[in-house]
Structure formats: structure tokens, C-alpha cells
Amino acid sequence: MTNAPDGRGPFDHAAWDERSMREPPSVLDAARYSDPVQHRAEITEIFHRSWLPVVPLADLAEPRQYVVWEQLGQSVVIARGDDGRLSAWHNVCQHRGARLVRESGRCHSGTFRCPWHGFAYDITGCVTNVPLRDSFDPAELDGLRTPVVAVRELWGFAWICLTAPAQTLEEYLGPLLPDLGWYGLDAFETRYRAQWRMQVNWKTVVDAFNETWHVPFTHKDTLSGIVLWRDAHLRDLSPHSMMTIPLKRREGAPPPTDPDPRASMIGHFLAFPNTIFSCFPTHLQMWSVWPLGPRESVMRAWGIVGPTPSGMADDEWAARNERDWEHFVEVARQDAEVLDDAGRVYDSLGFRRNMFNVAEGRLTAFHRTIDEIISKSLPAAGR
Ligand code: FES
Ligand SMILES: [Fe+2]
């Protein structure tokens, strides 16, 4: 163990090396990307049961501020109460199923009123008033509320789990918690956002971001002069994963003194199933890939910055952040272009399987995790 200079605690070389990924080459049937039965199982068995970071806390800073979050065919209200606590609930009126709240905003009155027959709900989703109350069965109204969604605050985001969580958020994150927690993201600020829609399965998008050797081809003019893509070190944080990617050093620049690779390299994490954190010690880009159907996805990205580093002026730091974000947007656009194109040949008679090499070990592990989860719900004959 070596002491880190920044007070983040000693770096444990042995524990770091223990999780090095050594996946052999593998293959994956092409149908895994476009089969609607597989897709349905991924939604219900994975997305509905995983902890997902969905909304920057900057959008929920004040009491009575709320966000209507809609992905995966779900509509969820995430709201901050007068006591400062977040609540999340399915955005469906319990009378006859109207969509209760239409847009994100600030609920000044503290009451949401259903646009159909006027049931009233408080900021936590509990029914507070029922028109024609006497005409209902009282037993049906007793304690009536919208179904609760589990919600937690971590690393500047509201995380939700759409069905009763089998694990706490900390249990779900497992080894990702200390590895990504190292960056101190609670002190960072979400400053930029963008999104891309693509005609391609969500897993093809996640695959694309979990290996580096497309860099000299897809990103020959944006990234390949900056990162040492051949030297990526892959780590297994099941069901999550990470890699460190060294940066090219300017000529004459001194070698890094901190033994922790995160202090001098890009720390690139997959929070299973669909979120990437691409971290520098001072800032990061984060993006989530959401399925819109078996063959369509949207990628939502955020630029997140830490406090101004010591020795740098605030405006210099702001200008650097601006340049970094513009660079990321161009890199992501290059990926989106290739990915959108890949979705167009899913039905080709020539697309039979994917090959993953050793450098694509994170993809092998990702698909194995998906297989293990959904094989419990899909009949063996269908696979
Ligand atoms: S559906 Fe909401 S009050 Fe009737
Ligand atoms: Fe890329």
C-alpha cells in the first residue's frame, strides 16, 4: 500500500490488481440485439429492477421542485418535499389511470390535482382530497396513494429503482461504490447536457463505449492523439466494470507521482446496466443509454465539473470546461454516427454473431451478466 498525496487514503495495489479482467475471446448471437422477446425481458428483469441514476440533483434543489421522468414506458414524479427529502412515485392517478403530472416544475401549492376528475395528491403522492368522496367505497380510499418508487441521492444524482429493490443502492453498487466514490462527486456540479437518438439497440451503444480500440478509427481526429488506447486496463466490478485509460503526456511533462491510476488517467466506469461515468480527477462526462424499443435508443449525457483546481483562476477553469464539453460532444457524435449505421444491418443475412476479443472483455462480461439475469425468465428453448 502507498499513501496518496491528496488525503484520499492509501492506494491498495493488491486489491486493485485482484480485480483485473482476464476474459477470453467470446462470441454472441446477433439476435440478442434485435429479438423483441429478449428486449421485453431486459426491460422487466433488468431495467425495472436496477438502481438507475436518472435526474441531476440540480434539477431538484428546492423544496416543492419536481421532475417528471419518463423512460422505459414509465412515468415517475421525483419531488423534493418541504422537509428536504426526495420522494418518487408512479405518475398515475389511482382513480382511473390518468397521467397525473404533465411537466417538471415547482409545485407552489404543494398539491397536484388530477386533470380528469380532480383527485388531489400531496408532494409525496398521497391522496389528500377526493371529489364526491361519499360516492366511493371508503375501503378503497383508505390510505390511497400512488405506488412508491425507491429513490436515493448519490454523486449529484437522484437514483431510482422502479420496483421494490432487492438490494440497497450501496449493495447494488458493490465494488463500484469505493472505486467511483474516490472522485468525491457529491461536490461536483452538473453544468452541461445533450442527447442523441439512434436507430440501434441499447446494448450496441453500451458495447461501443466499453472498449478503446475503435478510437484510432472512429475518433482518429478527436481522441487518438490524446489517449493511449492500447494501454487500457480493464477491471471487473461485477455486475459493473471499469477501465483506466492513460493519457499521452506532453513532451517534457513529469511522470505522475500519485500511485493511484485514477489520479492521472481517465477512469471509465459502467454502472450496470446503462450508465457510463468517464472521469478525470477534476471533472467528468456521464451518459445513460435508454431503450426506446428493440431497435431504437436515446443517449442522455451530462458534463459535470468539480471545484476550480488550486492554482487556476475561475474563468480559466470555466473556459477549460467549455472546451472539454465541446470536445466530448464531437466525440459522442462520431460514435452516434457509427452506431446509427450499425442498426441498419441488424436484419442482414450476413450479421450472425459478434466476436469479442480480449480487449473487449468488458463486453463479454456485460453480456454474460445480462444472460444470467434474463435466462431465469426466458424459456431455454427460446434461446
Ligand atoms: S382519473 Fe384522476 S381523478 Fe379520475
Ligand atoms: Fe467512441
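The following points concern the metal site, the nonpolar cores, strand E18 and some backbone features of this predicted model.

1. The iron ion (ligand 2) takes its protein donors from His-214 (NE2), His-219 (NE2) and Asp-335, the last contributing OD twice, at 2.1 to 2.5 Å. Along the chain these donors follow the spacing H-x4-H-x115-D, and the pair His-219 and Asp-335 links distant parts of the chain, 116 residues apart, with His-219 in the loop between helix H7 (215-218) and strand E13 (233-237) and Asp-335 in helix H8 (residues 314-342). Both His-219 and Asp-335 are buried.

2. The geometry of that site deserves care in any reading of the coordinates. The 4 donor atoms around the iron ion (ligand 2) subtend angles of 56 to 157 degrees, and the arrangement is therefore irregular; a tetrahedral assignment would require all angles to lie between 85 and 135 degrees. Water is not among the atoms, so sites may look incomplete.

3. The largest nonpolar core has 81 residues, and those with the most contacts inside it are Trp-69, Ile-78 and Phe-277. This core draws at least three residues from each of domain 1 (13-49 + 174-382) and domain 2 (52-153), while a second, separate core of 19 residues includes Trp-89, Cys-93, Cys-114 and Ile-123. Leaving aside neighbours within four places in sequence, Phe-277 is in contact with residues including Trp-155, Trp-159, Leu-180, Phe-269 and Met-286.

4. Strand E18 (residues 296-305) is mostly covered, with 8 of its 10 residues buried. On one pairing, 9 bridges join E18 to strand E12 (residues 189-198) in the antiparallel sense, and here Trp-196 stands opposite Met-299. Strand E17 (residues 283-293) also pairs with E18 in the antiparallel sense, over 10 bridges, with Trp-287 having Ala-301 as its bridge partner, and a hairpin through 2 residues joins E17 to E18.

5. Two cis peptide bonds should be noted when the backbone is examined. The bond from Ser-238 to Pro-239 is cis, with omega near 5 degrees, and Pro-239 has its place in the loop between E13 and strand E14 (240-246). Phe-272 and Pro-273 are likewise joined by a cis peptide bond, with omega about 5 degrees, and Pro-273 lies in the loop between strand E15 (265-271) and strand E16 (275-279).

6. Positive phi values also occur in residues other than glycine. Arg-64, with phi near 70 degrees, is found in the loop between strand E2 (52-56) and strand E3 (65-71), and is partly exposed at a relative accessible area of 24%. Leu-132, with phi near 55 degrees, lies in the loop between strand E9 (127-129) and helix H3 (138-141), and counts as exposed because its relative accessibility is 69%.

Note on methods
Residues are numbered from 1 along each chain as its sequence is written. Chains are lettered from A and ligands numbered from 1 in the order in which they are written. This is a predicted model: local features need pLDDT of at least 70, side-chain atom pairs count only at pLDDT 80 or more; totals for chains, interfaces and linings use all residues. Side-chain values use heavy atoms; hydrogens and water are left out. A nonpolar core is a set of buried Ala, Val, Leu, Ile, Met, Phe, Trp, Tyr and Cys residues joined through side-chain atoms within 4.5 Å. Buried means under 20% relative accessible area, exposed over 50%, partly exposed in between (1.4 Å probe, protein chains only). Domain bounds come from an automatic or database domain assignment. Contact means heavy atoms within 4.5 Å. Donors are N, O and S atoms within 2.8 Å of the metal (3.2 Å for Na, K and Ca); water is not among the atoms, so sites may look incomplete. Four donors count as tetrahedral if all angles lie between 85 and 135 degrees; four count as square planar and six as octahedral if opposite donors are over 155 degrees apart and all others between 65 and 115; anything else is irregular. Helices (H or I, at least four residues) and strands (E, at least two) are DSSP runs, numbered from the N terminus. Two strands pair if DSSP finds at least two bridges between them.
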